[in-house]
Amino acid sequence: MTENILLVAAVSVDALLASFAYGADNIKIPFLSAAVISAAGTAVLMLSMLLSGAADAVIPSGAGRWLGFIILMCIGTVSLFQNALKTFLRNKSRKNLSFSISGVGFVVSVFLDETKADTDKSKTLSPREALTLAIALSADSLGSGFGAGLAGAEILPVCIMSFGAGLAAVAAGAKAGAVTGKKRPGISWISGILLIILAVMNLIK
């Protein structure tokens, strides 16, 4: 159960920080849009865990746990430096890259600045815009779910907790951002720490 909680907490950090940015920018996230963000993230997490189950069936006995450990450690390490990575990519995008309003380029631009998902500048995130945001936030869920699945995480409890935690993270982040009016706090490293702890716990249990 502890491992499941760590996984859910780790993948919820990005939703918390993204919604914080929306709150600080006075962009509202209605309940339906929050539900879309949470449901989409949970769906990606579930899919990745199901894929890990299929992969585990063909991986030599005992190797799955080690592979899960490596994947979680890699994603956790990247998450530790996510703020620095985003800053670097933002600077590169200003100098050398251009993003279109559709396709992969737009998803990348939303990854770098979550508030860009509000494409109509209405200051309210529609369900359709929320889906774009959810896709941009789901990279960690895809890799983390696959790694955790190989390490033995339980799909049903994780998905139930993920949906609830996602809703709570969006609501709490938006409220905190609106109250403080400041830029998102640089705490994405928390997700990295949790994933690294999860990787070690699943390896030694």
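**Figure 1. Helix α7 in its surroundings within the predicted model**. Nine of the 12 residues of α7 are buried, so this helix is largely enclosed by the rest of the structure. The buried positions are Asp140, Ser141, Gly143, Ser144, Gly145, Gly147, Ala148, Gly149 and Leu150. Helix α7 covers residues 139-150. From the first C-alpha to the last, α7 reaches 17 Å, close to the 16 Å expected at 1.5 Å a residue. Just after α7, Gly152 adopts a positive phi of about 105 degrees.

**Figure 2. The largest nonpolar core**. This core consists of 21 residues, and those with the most contacts inside it are Leu7, Val158, Leu195 and Leu198. Two or more residues are given to the core by each of α1 (2-24), α2 (31-56), α3 (63-80), α7 and α9 (189-204). Helix α1 supplies the largest share, five residues. Apart from this core lies another one, of 16 residues, which includes Tyr22, Ile29, Ala169 and Val170.

**Figure 3. The contacts of Leu198**. When residues up to four places away in sequence are not counted, Leu198 touches Glu3, Leu6, Leu7, Leu72 and Ala148. Two of the names in this view have appeared above: Leu7 is among the residues with the most contacts inside the largest core, and Ala148 is one of the buried residues of α7.

**Figure 4. Ser162 and its neighbours**. Ser162 is located in helix α8. Is Ser162 buried or exposed? Its relative accessibility is 6%, so Ser162 counts as buried, the cut-off for this class being under 20%. Beyond four places in sequence, Ser162 touches Val8, Ser38, Thr42 and Leu45.

**Figure 5. Two cysteines, Cys74 and Cys159**. Cys74 has a relative accessible area of 46% and is therefore partly exposed. Cys159, by contrast, is buried, with a relative accessible area of 9%. A search of the whole structure finds zero disulfides.

**Figure 6. Confidence along the chain**. The average pLDDT of the chain is 78, and 80% of the residues score at least 70. Which elements have the lowest and the highest mean pLDDT? The lowest, 55, belongs to helix α5 (residues 104-112), and the highest, 90, to helix α8 (residues 155-180). Over residues 94-104, pLDDT stays under 50. For this stretch the model has 10 contacts beyond four places in sequence.

Key:
Residues are numbered from 1 along each chain as its sequence is written. This is a predicted model: local features need pLDDT of at least 70, side-chain atom pairs count only at pLDDT 80 or more; totals for chains, interfaces and linings use all residues. Side-chain values use heavy atoms; hydrogens and water are left out. pLDDT is the predictor's confidence in each residue, from 0 to 100. Helices (H or I, at least four residues) and strands (E, at least two) are DSSP runs, numbered from the N terminus. Contact means heavy atoms within 4.5 Å. A disulfide is a pair of cysteine sulfur atoms within 2.5 Å. Buried means under 20% relative accessible area, exposed over 50%, partly exposed in between (1.4 Å probe, protein chains only). The expected span of a helix is 1.5 Å times one less than its number of residues. A nonpolar core is a set of buried Ala, Val, Leu, Ile, Met, Phe, Trp, Tyr and Cys residues joined through side-chain atoms within 4.5 Å.
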